Amino acid sequence: MSEHFGFLNESELEVGPALSFALRRGEIEGWLKLEQRSDATTQIKLFNPDSDFSLLCSTVQRMEVARD
């Protein structure tokens, strides 16, 4: 079904649009930090609706969020 809408998962390391959005939103809000390390053995591809190219990420770090 996802292929019908143009969402093709080329590998197990490609994250779908919903999870990609959630991870990127977490980074924008400051409670996640997504990095691409040059020495990483594994990377995931994040869906990027603004481009034909995927974003690569090798590390997801949970950040501390200040509470009011």
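**Core, helix and salt bridges of the predicted model**

Six residues, Val 15, Leu 23, Leu 32, Leu 34, Leu 46 and Cys 57, make up the largest nonpolar core. A nonpolar core is here a set of buried Ala, Val, Leu, Ile, Met, Phe, Trp, Tyr and Cys residues joined through side-chain atoms within 4.5 Å. Buried denotes under 20% relative accessible area, exposed over 50%, and partly exposed the range in between (1.4 Å probe, protein chains only). The model is predicted, and local features need pLDDT of at least 70, side-chain atom pairs count only at pLDDT 80 or more, and totals for chains, interfaces and linings use all residues. Residues are numbered from 1 along each chain as its sequence is written, and side-chain values use heavy atoms, with hydrogens and water left out.

The secondary structure consists of one helix and four strands, in the order α-β-β-β-β along the sequence. Helices (H or I, at least four residues) and strands (E, at least two) are DSSP runs numbered from the N terminus. Of the 68 residues, 16% count as buried. The protein exposes about 5700 Å², of which carbon and sulfur atoms supply 52%; accessible areas come from the Shrake-Rupley method with a 1.4 Å probe, and for residues only the protein chains shown count as cover. Contacts are defined by heavy atoms within 4.5 Å. Among contacts between residues at least 6 apart in sequence, 49% join residues at least 24 apart.

Within the core, Leu 46 was examined for its contacts. With neighbours within four places in sequence left aside, Leu 46 touches the core residues Val 15, Leu 23, Leu 34 and Cys 57. Leu 46 is also in contact with Ser 20, Arg 24, Ser 54 and Leu 55. In soluble globular proteins, nonpolar side chains tend to be buried together.

Helix 1 spans residues 17-29. Helix 1 has 13 residues and reaches 18 Å from its first C-alpha to its last, close to the 18 Å expected at 1.5 Å a residue; the expected span is 1.5 Å times one less than the number of residues. Ser 20, Leu 23 and Gly 26 are the buried residues named in helix 1. They lie on the same side of the helix because they cover an arc of only 130° around the axis, the arc being that of the directions from the helix axis to the C-beta atoms. Ala 18, Phe 21 and Ile 28 are exposed on the other side. The buried residues of helix 1 pack against strand 1 (32-35), strand 2 (44-46) and strand 4 (59-62). Leu 19, also in helix 1, is partly exposed at a relative accessible area of 47%. The C-alpha atoms of Leu 19 and Phe 47 are separated by 8.6 Å, although these residues are 28 apart along the chain. Just after helix 1, Gly 30 has a positive phi of about 90°.

Three salt bridges are present, a salt bridge being a side-chain nitrogen of Lys or Arg within 4 Å of a carboxyl oxygen of Asp or Glu. Side chains of opposite charge can pair when their charged atoms come close. One salt bridge joins Glu 29 to Arg 25, with an N to O distance of 2.9 Å. These two residues are four apart in helix 1, so about one helical turn separates them. Glu 29 is partly exposed, with a relative accessible area of 46%, and Arg 25 is likewise partly exposed, at 41%.

Lys 33, Glu 35 and Arg 37 are linked in a network of salt bridges. In this network, the closest N and O atoms of Glu 35 and Lys 33 are 3.4 Å apart, while Arg 37 and Glu 35 meet at 3.2 Å, N to O. Relative accessibility is 21% for Glu 35, which therefore counts as partly exposed. Lys 33 is partly exposed at 36%, and Arg 37 is partly exposed at 42%.

Two further residues concern strand 2 and the loop that follows. Lys 45 lies in strand 2 and is partly exposed, at 28% relative accessibility. The C-alpha atoms of Lys 45 and Leu 55, ten residues apart along the chain, are separated by 5.6 Å. Asn 48 belongs to the loop between strand 2 and strand 3 (55-57). At 11% relative accessibility, Asn 48 counts as buried. With neighbours within four places in sequence left aside, Asn 48 is in contact with Arg 24, Phe 53 and Leu 55.
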